[in-house]
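This report concerns an annotated site and a chain interface. The sequence and structure are shown first.

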Amino acid sequence: MKAVRLLAAVTALALLGGCADDAAAPPAGGNGIGGELTVFAAASLTESFTRIGRDFEAAHQGVQVTFSFAGSSALATQINQGAPADVFASAAPAPMATVTEAGNADGEPATFVRNQLVIAVPQGNPDRVTGLSDLTRPGAKVALCAEQVPCGAAARTVLDAAGVALTPVTLEQDVKAALSKVRLGEVDAALVYRTDVRAADAEVDGVEFPESAGAINDYPIVLLKDATNKPTARAFLEYVRSDTGQAVLTEAGFQAP
Amino acid sequence: MTRTVRTRTRRTGRIPIGLLVPAALGLVFLVLPLVGLLVRTPWSTLPQRLTEPGVLTALRLSVQTASLATLLCLVLGIPLAWLLARVSFPGRRVVRALITVPLVLPPVVGGVALLLVFGRRGLVGSWLDSTFGITLPFTTTAVVLAEAFVAMPFLIIAVEGALRGADTRYEEAAATLGAGRWTTFTHVTLPLVAPGIAAGAVLCWARALGEFGATITFAGNYPGRTQTMPLAVYLALETDLEAAIVLSLILLTVSVVILACLRDRWISSS
């Protein structure tokens, strides 16, 4: 079944690639799909996109996918400053908007997954954190993301909506940095994405809290205007949004859009 | 001054083109990024951007922590440099190599190492926490420690170089006149190498001012407490390129002024 679906996907992509009339199409097996593909993706996509990239390479011989994972806003800045990339996957619409407004996107961004915040605590939840209000206990050390990055903006929205006055000990530059402070035991809790907690399975636990429904992050993905390998980039976009790609993302803890 | 330069040029003849071209390219390569920063600076909005409270807070914190870090480096670094220059002991080469490790170590690695030692679960940190209730990460003290860790080699190398270059006969003379070792050190050695110490301290301060990797890893980022200028630059880059350029310009100006003042002393003392 899986093989049949994969075959269908490959055929569809082959047709799609065949239709593309990109002059800079790399040499490939007739359908224009091949060569190197550079994907700029949000840090929170590290594990799932690495896997999707490997699957995509397996499905298309001769394709080599290179990822640059970092904070979405930093990636957006890099793209706008001319960094060579074919695809951009952002953890929130705001960094994506800076890319589209600068005229660096080819077509409209499409939301491919959504992500929700959880409270990351050390394994076993030693402080018995059950919700946001527990984070304001005296002496509790909490790490948040800086508001300039998507996870920080989401955390701010959630805290404001819940009316929780939380003073973090640090505002980290991306979600992985906030989580690593929990892993190291330097903070008691951090607000991170559910997917990050799942990726760090062995060391941290995630505490779900109802207020997080108020700030769910949409992840948009787009083909970039200056992409040098558009047929392959389009095939990759399709692959991410296909059932196979979505299955990997769901398993990582993302929600369908 | 002018005359000596002129005679030297005459003696060596014309500068070979094979040296001049790469030298010019090297200069352009090093200076061009700085020019790029100046070209893109939003000069019209610069004054009001400089007075934004966040900028001043970060700048003040940067200057304070860099100064404290330099003080710490002076207190610990001068004796260490003296030991390396004046006392021969087994393993001196190893000690000297270890001291210079922070020079080549990626600062982030330094930050991780500091976290593993002084963090709440660290070797020393867990003891500090359980005995005194002190936790270092996410405090201004952590910023000072991170900066001192990265900057101290600059001071030690400068002071050790000055000590090795200094004439030991003055110290011997002081000793024969009945001065104790401590008196000799404070009254003869220190004044003798004062320019070297000053040069090392300024370089150390400039390095501490620019510290980023170890700080963001070990001390975190919180406005007014641990967010120094380099951290503010990095986060400004996430949303506002112009703000990042302005902050970078301030750091660049401070660094250039410091190094320009230092140049002559640095050369004469080493």
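The text below treats the annotated site and then the interface, in a predicted model.

**Annotated site**

An unreviewed UniProt entry carries the annotation "binding site" for Ser44(A), Ser72(A), Val175(A) and Tyr193(A). These residues are spread over 150 residues of sequence, yet they cluster in space, with a largest C-alpha distance of 14.1 Å. Ser44(A), Ser72(A), Val175(A) and Tyr193(A) also belong to the lining of the largest cavity.

Two of these positions are compared in the table.

| Residue | Element of chain A | Relative accessibility |
|---|---|---|
| Ser72(A) | helix α3 (residues 72-80) | 3%, buried |
| Tyr193(A) | strand β8 (residues 189-193) | 2%, buried |

Neighbours within four places in sequence are left aside in the contacts that follow. Ser72(A) is in contact with Ala42(A), Phe88(A), Ser90(A), Ala91(A), Pro95(A) and Pro150(A). The contacts of Tyr193(A) include two annotated residues, Ser44(A) and Val175(A). Also among them are Ala91(A), Asn115(A), Pro150(A), Cys151(A) and Tyr219(A).

**Interface of chain A and chain B**

At this interface, 21 residues of chain A are in contact with 22 residues of chain B. The buried area is about 1,900 Å², and carbon and sulfur atoms give 55% of it. Of the area that chain A buries against chain B, 29% comes from Gln148(A), Gln173(A) and Glu186(A), more than from any other three residues.

The interface has 1 salt bridge. A salt bridge joins the side chains of Asp188(A) and Arg120(B), at 2.9 Å from N to O. On the side of chain A that touches chain B, α3 and β7 (170-172) each supply at least two residues. There are 9 residue pairs in polar contact across the interface.

Definitions and conventions
Residues are numbered from 1 along each chain as its sequence is written. Chains are lettered from A and ligands numbered from 1 in the order in which they are written. This is a predicted model: local features need pLDDT of at least 70, side-chain atom pairs count only at pLDDT 80 or more; totals for chains, interfaces and linings use all residues. Side-chain values use heavy atoms; hydrogens and water are left out. UniProt positions are given in the numbering used here, feature names are shortened, and annotations may be inferred rather than shown by experiment. On a 1 Å grid over the protein atoms alone, a cavity is a set of points where a 1.4 Å probe fits but cannot get out, and a pocket is an open set with protein on both sides within 12 Å along at least five of seven lines; lining residues have an atom within 4 Å of a point. Helices (H or I, at least four residues) and strands (E, at least two) are DSSP runs, numbered from the N terminus. Buried means under 20% relative accessible area, exposed over 50%, partly exposed in between (1.4 Å probe, protein chains only). Contact means heavy atoms within 4.5 Å. Buried area is the accessible area (1.4 Å probe) that two parts lose on being put together, summed over both. A salt bridge is a side-chain nitrogen of Lys or Arg within 4 Å of a carboxyl oxygen of Asp or Glu. A polar contact is a pair of N or O atoms within 3.5 Å; within protein, one must be able to donate a hydrogen and the other to accept it, and residues adjacent in sequence count only if both atoms are side-chain atoms.
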